[in-house]
Amino acid sequence: MPRQKSYDRNDVLTRAMLAFWARGYEATSMAELVNATGINRGSLYADFSDKHSLYVSALRHYDQVHRKEFLVCLAESHPPKQAITAVFENAARNTGNGDTPSG
């Protein structure tokens, strides 16, 4: 019987996304990903098979959580012209604040 995961996959993907964001794909080692995600190397390889798969999963996670959520919120709260302005205002507001990557 397979062992139950003791970590939240979304949390791991968020932490990996931030690690890749900070250093880039090539410069981020598996050791840094182990440290950033807080799970051991074996668990990372068991769930994602390699660094590239983890990277692609982190990109998909970003797309699902950040980009799609932002666009849905924007579409629900602004007519098209104001939505375009709101996108640029949001980007300017989030540039360099250090909280989370703004894409």
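These are my notebook entries on what I looked up in this structure, which is a predicted model.

**Entry 1: the overall layout**

I began with the secondary structure and found that the chain has five helices and zero strands. Reading from the N terminus on, I wrote the order of elements down as α-α-α-α-α. I then looked up burial for the whole chain, and noted that buried residues make up 25% of its 103 residues. For contacts with a separation of 6 or more, I found that 54% join residues that are 24 or more positions apart.

**Entry 2: the nonpolar core**

Next I asked myself which residues have the most contacts inside the largest nonpolar core. The core has 15 residues, and the ones with the most contacts inside it are V12, F20, L33, L44, F48 and L54. I also looked up where the core residues come from, and the elements that give two or more of them are α1 (9–23), α2 (30–37), α3 (41–48) and α4 (51–77). The largest share, six residues, comes from α1. As background I noted that, in soluble globular proteins, nonpolar side chains tend to be buried together.

**Entry 3: F48, one residue of the core**

I picked F48 for a closer look, and found its place in helix α3. Is F48 buried or exposed? Its relative accessibility is 3%, and because buried means under 20%, F48 counts as buried. Leaving out residues up to four places away in sequence, I listed the residues that F48 touches as R9, V12, L13, S53, L54 and S57. Two of these names, V12 and L54, were already in my list of core residues with the most contacts.

**Entry 4: how α1 meets α4**

Before turning to pairs of helices, I reminded myself that two packed helices are described by the angle between their axes and the distance between the axes. For α1 and α4, the axes come within 8 Å and cross at roughly 105 degrees. An angle from 65 to 115 degrees counts as roughly perpendicular, which is why I described α1 as roughly perpendicular to α4. On the α1 side, the contact is made by R9, N10, L13, T14, A16, M17, F20 and W21. On the α4 side, I wrote down K51, L54, Y55, S57, A58, H61, Y62 and H66. Sorted by class, the residues of this contact divide into nine nonpolar, five polar and two charged.

**Entry 5: how α2 meets α3**

I repeated the look-up for α2 and α3, whose axes come within 9 Å and cross at roughly 95 degrees. These two helices are therefore roughly perpendicular to each other. The contact is made by M30, A31, L33, V34 and T37 of α2, together with R41, L44 and Y45 of α3. By class, I noted six nonpolar residues, one polar and one charged for the contact of α2 with α3.

**Entry 6: two loop residues**

I then moved to the loops, starting with T28, which is found between α1 and α2. T28 has a relative accessibility of 1% and so counts as buried. Not counting residues up to four places away in sequence, T28 touches A19, F20, R23, L33 and K51.

The other loop residue I looked up was S49, whose place is between α3 and α4. What is the phi of S49? The value is near 70 degrees, which is positive in a residue other than glycine. For background I wrote that most residues other than glycine have a negative phi. With a relative accessible area of 47%, S49 is partly exposed.

**Entry 7: R67 and its polar contact**

My last look-up was R67, which lies in helix α4. Since R67 has a relative accessibility of 38%, I recorded it as partly exposed. I also found a polar contact of 2.3 Å that joins the side chains of R67 and D63.

Notes: Residues numbered from 1 in each chain as written. Predicted model: local features only at pLDDT ≥ 70, side-chain atom pairs only at ≥ 80, totals over all residues. Heavy atoms only, no water. Core = buried A, V, L, I, M, F, W, Y, C linked by side-chain atoms within 4.5 Å. Buried < 20%, exposed > 50% of the residue type's maximum accessible area, 1.4 Å probe, protein only. Helix = DSSP H or I, 4+ residues; strand = E, 2+ residues; numbered from the N terminus. Axes fitted to C-alpha atoms, helices over the stretch in contact; angles between N-to-C directions. Parallel < 35°, antiparallel > 145°, perpendicular 65-115°, else oblique. Contact = heavy atoms within 4.5 Å. Nonpolar A, V, L, I, M, F, W, Y, C, P; charged D, E, K, R; others polar. Polar contact = N/O pair within 3.5 Å; in protein donor to acceptor, adjacent residues only side chain to side chain.
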